[in-house]
Amino acid sequence: FITAEKAKSIIDKLGAEKFFFGTDFPMWDASGELERFNQIKLTEKERDGIFSLNIKNLLIRLAYFCRLV
């Protein structure tokens with residue numbers, strides 16, 4: 001595992017909009033993954049994006065692209 005500080009550094013460098021929250025269930029315990037994620041000092045906007053908005057936006061773009069093809 002990486003530290004919360006290292007995770008924050010990577011998110012800041014690459015942009016929070018490029019990340020999704022995932023647990024790798026059943027390999028890892030979801031509550032443990034959530035606990036580790038919550039240790040990262042993120043803004044509410046970053047957290048909302050990583051938890052749900054980023055994947056929603058990606059799927060919307062994918063659906064739009066698929067209609068064009």
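Start by selecting I50, which sits in helix 3 of this predicted model. Its relative accessible area is 3%, so I50 counts as buried. Now show what surrounds I50: setting aside neighbours within four places in sequence, the residues in contact with I50 are I11, A16, F19, F20, F21, F37 and L42. For a distance check, pick G32 as well: G32 and I50 are 18 residues apart in sequence, and their C-alpha atoms lie 17 Å apart.

Next, widen the selection to two helices, residues 30–38 for helix 2 and residues 44–68 for helix 3. Their axes come within 12 Å and cross at roughly 155 degrees. Angles over 145 degrees count as roughly antiparallel, and helix 2 and helix 3 are therefore roughly antiparallel to each other. Look at the handedness too: helix 2 passes helix 3 in a right-handed crossing. To see who makes the contact, show L34, F37 and N38 on helix 2, then R47, I50 and F51 on helix 3. Colour that set by residue class and you get four nonpolar, one polar and one charged.

Stay on helix 2 and click E33. Is this one buried or exposed? At 13% relative accessibility, under the 20% cut-off, E33 counts as buried. Turn on side chains and you'll find a polar contact of 2.7 Å between E33 and R36. Last stop: select F1, F21, T23 and W28, which E33 contacts once neighbours within four places in sequence are left aside. You've met F21 already, as one of the residues in contact with I50.

Note on methods
Residues are numbered from 1 along each chain as its sequence is written. This is a predicted model: local features need pLDDT of at least 70, side-chain atom pairs count only at pLDDT 80 or more; totals for chains, interfaces and linings use all residues. Side-chain values use heavy atoms; hydrogens and water are left out. Axes are lines fitted to C-alpha atoms, for helices over the stretch in contact, and angles run from 0 to 180 degrees between N-to-C directions. Helices (H or I, at least four residues) and strands (E, at least two) are DSSP runs, numbered from the N terminus. Angles under 35 degrees count as roughly parallel, over 145 as roughly antiparallel, 65 to 115 as roughly perpendicular and the rest as oblique. A crossing is left-handed if the near helix is turned anticlockwise from the far one by less than a right angle, and right-handed if clockwise. Contact means heavy atoms within 4.5 Å. Ala, Val, Leu, Ile, Met, Phe, Trp, Tyr, Cys and Pro count as nonpolar, Asp, Glu, Lys and Arg as charged, and the others, Gly among them, as polar. Buried means under 20% relative accessible area, exposed over 50%, partly exposed in between (1.4 Å probe, protein chains only). A polar contact is a pair of N or O atoms within 3.5 Å; within protein, one must be able to donate a hydrogen and the other to accept it, and residues adjacent in sequence count only if both atoms are side-chain atoms.
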